[in-house]
Amino acid sequence: MAGKKHGGNTVAAVTSIAKPIAERLGLILWDVKFVKEGASWYLRIFIDKPGGVTLDDCEAMSRAVNDPLDEADPISQAYFLEVSSPGIERELSRPEHFEAMKGRDVSVNLYRPTEDGTKEIIATLIGLDGDSILLTDLDGTEFAINRKDAASVRLYDCEDDFSAADGGLDETEN
């Protein structure tokens, strides 16, 4: 797939195309990433649903989004399309991810180690407050980490059947 970029952010353009398609299929659009690995570009669409994503869900989403992406042509170079589940240790990157996963254990990998040399913090997610990730440690002590200090935030011990009813994912775009 190749074409001209019509301006704007690639991820935002793909999200605006993929989100209504996912909803029609009974899926939640978790995330969209456009990354270069080696000489190749990959458009990765992550989907979710209560009870988990099946291979059939990924195939249905891939087939349903393929033609609309070709028609809209938001990507200027050739790329590979991949559709998958965000996985058990899903990355939390958007505010709605943090909202949906409140109360769950997360692993926060830091760019720089703390004073005691720790580069990974495992704690319970309270939520976001502006630019701060609010957490609780094993002793129940609340603390905050600035989002810009976190290289990644992932679920640490995710339940197998993510459910929108368990805290849900409000799919507002950012």
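The bend at a residue is the angle between two fitted axes, one for the seven residues ending there and one for the seven starting there. In this predicted model, helix 2 has such a kink at Val 65, of about 30 degrees. The proline Pro 68 follows shortly after Val 65.

**Helix 2**

Helix 2 covers residues 55–72, which is 18 residues. What span should helix 2 have at 1.5 Å a residue? The expected value is 26 Å, and the end C-alpha atoms are 26 Å apart, so the two agree. After the helix comes Asp 73, with a positive phi near 55 degrees.

Five named residues of helix 2 are buried: Asp 57, Cys 58, Met 61, Val 65 and Leu 69. Val 65 is thus both the kink site and a buried residue. Which elements do the buried residues of helix 2 pack against? They pack against helix 1 (10–24), strand 2 (40–48) and strand 3 (80–84).

**The sheet and its helices**

Three strands make an open sheet. Their order is 1-2-3, and the pairing is mixed. Strand 1 and strand 3 are the edge strands, each pairing on one side only. From one strand to the next, the twist averages 20 degrees.

Strand 1 and strand 2 run antiparallel and are joined by nine bridges. One pairing involves Ile 28, whose bridge partner in strand 2 is Asp 48.

Both helices lie across strands of this sheet, as tabulated here.

| Helix | Lies across | Angle |
|---|---|---|
| Helix 1 | strand 1 and strand 2 | about 145 degrees to strand 1 |
| Helix 2 | strand 2 and strand 3 | about 140 degrees to strand 3 |

**Nonpolar cores**

In soluble globular proteins, nonpolar side chains tend to be buried together. Here the largest nonpolar core has 20 residues. Which of its residues have the most contacts inside it? They are Leu 43, Ile 45, Met 61, Val 65, Leu 69 and Leu 81. Helix 1, strand 1 (28–37), strand 2, helix 2 and strand 3 each give two or more residues to this core. Helix 1 supplies the largest share, five residues. A second core is separate and has 18 residues, including Val 108, Leu 110, Ile 121 and Val 153.

Met 61, Val 65 and Leu 69 link these views. They are buried in helix 2, and they are listed among the residues with the most contacts inside the largest core.

Methods
Residues numbered from 1 in each chain as written. Predicted model: local features only at pLDDT ≥ 70, side-chain atom pairs only at ≥ 80, totals over all residues. Heavy atoms only, no water. Helix = DSSP H or I, 4+ residues; strand = E, 2+ residues; numbered from the N terminus. Expected span 1.5 Å × (residues − 1). Buried < 20%, exposed > 50% of the residue type's maximum accessible area, 1.4 Å probe, protein only. Contact = heavy atoms within 4.5 Å. Core = buried A, V, L, I, M, F, W, Y, C linked by side-chain atoms within 4.5 Å. Pairing = 2+ DSSP bridges. Axes fitted to C-alpha atoms, helices over the stretch in contact; angles between N-to-C directions.
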